[in-house]
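Reader: Before I use this model at the bench, I would like to go through it with you, starting with how far it can be trusted.

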Amino acid sequence: MKKIAIVLTVIAVIAVAAGVRRFSVYFPSVSDEYAEQDVKAALSELLNLSLLRALTEQSGILDGIITAERGADGRISYITVDTERLNIIRSVLTLEVYRALKEYDSSVLGIPVGNALGIRLLSGKGPKIPVTIIPLGSVTGEIKSSFSSAGINQTKYELNIEFSISVNVLTPFTRATQELKSVLCVAQTVIIGETPGIIWGQDG
């Protein structure tokens, strides 16, 4: 009986050790994956809502950014971009996003222990493991201009601002960098016929 008890004790110790090892490897991995998804969703919402708020407060801010100039045949010969206004808009919107990011309370984020354990029945349950967001540098806004096919003998012109947010994501287990981009369409038009030229600037 004594030998059986010893054998059972050894088996129990090995099982516990194996369980702890699996937990130490699996738990951080699942936690980080959940945190990455949680932060991505939060940043996406923050970015889009801050842009929407700024555009709503300054109604018509995007009007007249591009002007289509037509030739004698009535077709668009070139497009003029009001770069001065465009740069002001980019600066205003970038600042709004940065303010929203600085004021964001990351305490609302967290990884439920049930999710970190990978047990479906416990998903969303248990105390939350804290996740902290630390902004890295400033928010950037890059102006992008492009032509794309819009059908037979038709070309679509788009003027966009691509905003980027970069943050450090801290959990009790790791530290990772997360970047999120969002594209705001400033102006677009469909051109029939030949692709026109672009003039960056506004006369008068």
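Author: The term needed for that is pLDDT, the predictor's confidence in each residue, from 0 to 100, and it applies here because this is a predicted model.

Reader: Which element of the chain has the highest mean pLDDT, and which the lowest?
Author: For the chain, the mean pLDDT is 75, with 73% of its residues at 70 or more. Among the elements, the lowest mean, 62, belongs to helix 1, and the highest, 89, to helix 2. Over residues 10–27 the pLDDT is below 50, although this stretch has 10 contacts in the model beyond near neighbours in sequence. Where pLDDT is low, the predicted coordinates should not be read in detail; the answer is therefore helix 2 for the highest and helix 1 for the lowest.

Reader: What distance separates the end C-alpha atoms of helix 2, and what span should its 21 residues have?
Author: Helix 2 covers residues 83–103, and the expected span follows from 1.5 Å a residue, taken over one less than the number of residues. The expected span and the distance between the end C-alpha atoms agree, each being 30 Å.

Reader: Within what arc do the buried residues of helix 2 fall?
Author: The buried residues of helix 2 are L86, I89, L93, T94, E96, V97, A100 and L101. Seen down the helix axis, these residues line one face of helix 2, because they fall within a limited arc. On the other side, E84, K102 and E103 are exposed. The arc that holds the buried residues is 160 degrees.

Reader: In the largest nonpolar core, which residues touch the most other members?
Author: This core has 35 residues, and the elements giving two or more residues to it are helix 1, strand 2, helix 2, strand 7 and strand 8. One of the residues with the most core contacts is I66, which, leaving aside neighbours within four places in sequence, is in contact with I79, T80, V81, Y157, L159, A187, Q188 and T189. The full set is V39, L43, I65, I66, L159, I165 and V167.

Reader: Is D63 buried or exposed?
Author: D63 is found in the loop between helix 1 and strand 1, and its C-alpha lies 8.2 Å from that of A187, a residue 124 places away in sequence. Since exposed means over 50% relative accessible area and D63 has 54%, D63 is exposed.

Reader: What is the relative accessible area of T155, in strand 7?
Author: Not counting residues up to four places away in sequence, T155 touches F147, S148, A150, T189, V190, I191, G193 and T195. Buried means under 20% relative accessible area, and T155 is buried, at 11%.

Methods: Residues numbered from 1 in each chain as written. Predicted model: local features only at pLDDT ≥ 70, side-chain atom pairs only at ≥ 80, totals over all residues. Heavy atoms only, no water. Helix = DSSP H or I, 4+ residues; strand = E, 2+ residues; numbered from the N terminus. Buried < 20%, exposed > 50% of the residue type's maximum accessible area, 1.4 Å probe, protein only. Arc of directions from axis to C-beta. Core = buried A, V, L, I, M, F, W, Y, C linked by side-chain atoms within 4.5 Å. Contact = heavy atoms within 4.5 Å.
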